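Here are my notes on the model, set out as numbered points for you to read beside the sequence and the coordinates. I begin with a single residue and then move outward to the whole chain.

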Amino acid sequence: MYRVLKATQLAERVFQMWVFAPHVAHHAKAGQFLIVRVHEAGERIPLTISAIDGDAVRIIFMTVGKTTELLATLRQGDMIRDIAGPLGLPSEVSKYGTCAVIGGGVGIASAPIIARAAKSAGNHVIGIIGARNAGLLILEDEMRACCDELFITTDDGSKGVHGFAADVLKAELEKRTIDCVWIIGPAIMMKVTSGITRPYNVKTFVSLNPIMVDGTGMCGSCRVQVGGTTRFACVDGPEFDAHLVDFDLLMQRQRTYQTEEREALEQYHEHSCSCKGGE
Ligand SMILES: Cc1cc2nc3c(=O)[nH]c(=O)nc-3n(C[C@H](O)[C@H](O)[C@H](O)COP(=O)(O)OP(=O)(O)OC[C@H]3O[C@@H](n4cnc5c(N)ncnc54)[C@H](O)[C@@H]3O)c2cc1C
Ligand code: FES
C-alpha cells in the first residue's frame with residue numbers, strides 16, 4: 001500500500017499527487033514511468049514519474065476515463081493499492097549542446113525531470129510548453145526554474161505565443177542550432193512536432209504512450225513499430241527515435257478499446273451517482 005502525501009488539482013481535469021514510494025524514488029531516472037493499481041480489483045495504468053523528492057514520487061495525470069477519475073478522488077492520507085516501478089528505460093541524456101524539451105498538454109508532466117537531467121549533463125536547455133489555453137498550462141514556474149529559456153504557447157493565444165510548440169521549434173531551428181529535442185505529448189502532437197526536426201536532422205526523442213498492461217514486456221499490448229521493427233514500449237522505451245516511429249499505427253492502436261473504456265466510465269459514473277444518492 002502506498003500513502004498519498006499530497007494531492008492537488010493543477011488545471012481542469014489535471015491532478016498532481018505525491019506518493020510515498022521509496023523503492024521507486026530511490027531508483028527512478030528521468031523518462032521512466034510507474035504502473036498504478038488504485039485498488040485490488042482495479043486496472044493497471046502507466047503514469048510518468050514526474051518528479052522525485054526523497055522517498056516520494058510525483059505523478060500528474062489527466063482524468064480521461066474510469067481509473068484516472070478514481071485516482072483523482074484520492075486525498076492526502078489515502079492509500080494506493082500497488083505501485084510498480086521504476087519501469088522503462090531512462091531518457092538518453094548526455095552532453096549534446098543545446099537541447100529543447102517540449103511538453104504538450106498533460107505531457108508537460110514529464111518535461112521538468114528531463115530538462116533538469118539535460119541541464120545537469122551540461123546542456124543549454126530550451127523549454128517549450130504548450131496547451132490549448134492558459135488555464136490548462138501546468139508547471140510553468142518549475143520549467144522556468146530548470147530551463148535556460150522558456151517558451152509558452154497556447155492554441156487560442158490566451159498566453160504566450162498564439163499557436164503550437166511546433167511553430168516555436170521551427171522558428172528557433174531557423175535561427176540557431178539545436179542538437180537534441182525531446183517531445184512529450186499526445187501522439188498527434190509528437191508526430192507533427194517531430195516532423196519539424198526531420199529536415200534539420202536533429203536527434204529527436206518522443207515518449208510513446210501506447211496501451212500498457214503489465215509494463216514488463218510480457219503481454220505485448222504496448223507494441224509499437226519503430227524503424228519497421230516491433231518494439232515493446234514498456235521495456236524498449238517509452239522513448240524512441242521520433243523519426244523512426246509509426247505514429248499512425250500508434251494512434252490506431254490507442255483506440256482499440258474505446259467502446260469498452262466508454263462503457264466502463266458510464267458504469268463508474270452510474271455507480272458513484274447511486275452511492276451518493278443512497279447517502
Ligand atoms: C509510459 C506511459 C506514461 C504515461 N504517463 C501519463 C502521465 O504522466 N499522465 C497522464 O495523464 N497519462 C499518462 N499516460 C496515459 C495514461 O496511462 C492513460 O490516460 C490512462 O491509462 C487512462 O486510463 P483510464 O482508465 O482513466 O481511461 P480509459 O477510459 O481506460 O482510457 C482512455 C484512453 O487512455 C488510454 N489508455 C487506457 N488504458 C491505458 C493503459 N492501460 N495504458 C496506456 N494508455 C491507456 C487509451 O488511449 C484510451 O483511449 C501514460 C501512458 C504511458 C504508456
Ligand atoms: S505492457 Fe505488456 S509488454 Fe509492454
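1. In which loop, between which two strands, is the place of D156? D156 sits in the loop between β11 (149-154) and β12 (161-162), where helices (H or I, at least four residues) and strands (E, at least two) are DSSP runs numbered from the N terminus. Because D156 has 12 C-beta neighbours inside 10 Å, it counts as exposed; by this scheme a residue is buried if 20 or more other C-beta atoms lie within 10 Å of its own, exposed if 12 or fewer and partly exposed in between, with C-beta atoms placed from the backbone. Leaving aside residues up to four places away in sequence, D156 touches R132 and N133, contact being defined as C-beta atoms, placed from the backbone, within 7 Å. D156 and E142, by comparison, are 14 residues apart in sequence and 23 Å apart in space, C-alpha to C-alpha.

2. On the basis of these statements: this is a predicted model, in which local features need pLDDT of at least 70 and side-chain atom pairs count only at pLDDT 80 or more, while totals for chains, interfaces and linings use all residues. Residues are numbered from 1 along each chain as its sequence is written, and chains are lettered from A and ligands numbered from 1 in the order in which they are written.

3. For the protein as a whole, there are nine helices and 17 strands. The radius of gyration, taken over C-alpha atoms, is 18 Å, close to the 19 Å that the globule rule gives for 279 residues, so the protein is as compact as a globular protein of that length; the rule is 2.2 Å times the number of residues to the power 0.38. Of the 279 residues, 44% count as buried.

4. The domain assignment, which is automatic or taken from a database, gives domain 1 (2-87) and domain 2 (98-254). Their C-alpha centres lie 21 Å apart, and the contact takes 18 residues from domain 1 and 17 residues from domain 2. On the domain 1 side, β1 (2-11), β3 (33-37), β4, β6 and β8 (82-87) each supply at least two residues.

5. An open sheet is formed by five strands in the order β5-β6-β2-β1-β7, with antiparallel pairing; two strands pair if DSSP finds at least two bridges between them. β5 (51-53) and β7 (79-80) stand at the edges with a single partner strand each, so one side of each has no neighbour in the sheet. β5 is joined to β6 (residues 56-62) by three bridges, and A51 stands opposite R58 in β6.

6. Which residues come nearest to ligand 1? Of the 25 residues around the ligand (C-beta atom, placed from the backbone, within 6 Å), these are I45, G65, T67, T68 and E261. Two or more residues of the shell come from each of β4 (44-48), β6, α2 (66-72) and α9 (258-277), and β4 gives the largest share, four residues. The shell draws at least three residues from each of domain 1 and domain 2.

7. Helix α6 (residues 187-197) is largely enclosed by the rest of the structure, because eight of its eleven residues are buried. Among them are M189, M190 and I196, and also K191. The buried residues of α6 pack against β9 (98-104), α5 (165-175), β13 (180-184), β14 (203-207) and α8 (247-254).

Conventions. Two residues are in contact if their C-beta atoms, placed from the backbone, lie within 7 Å.
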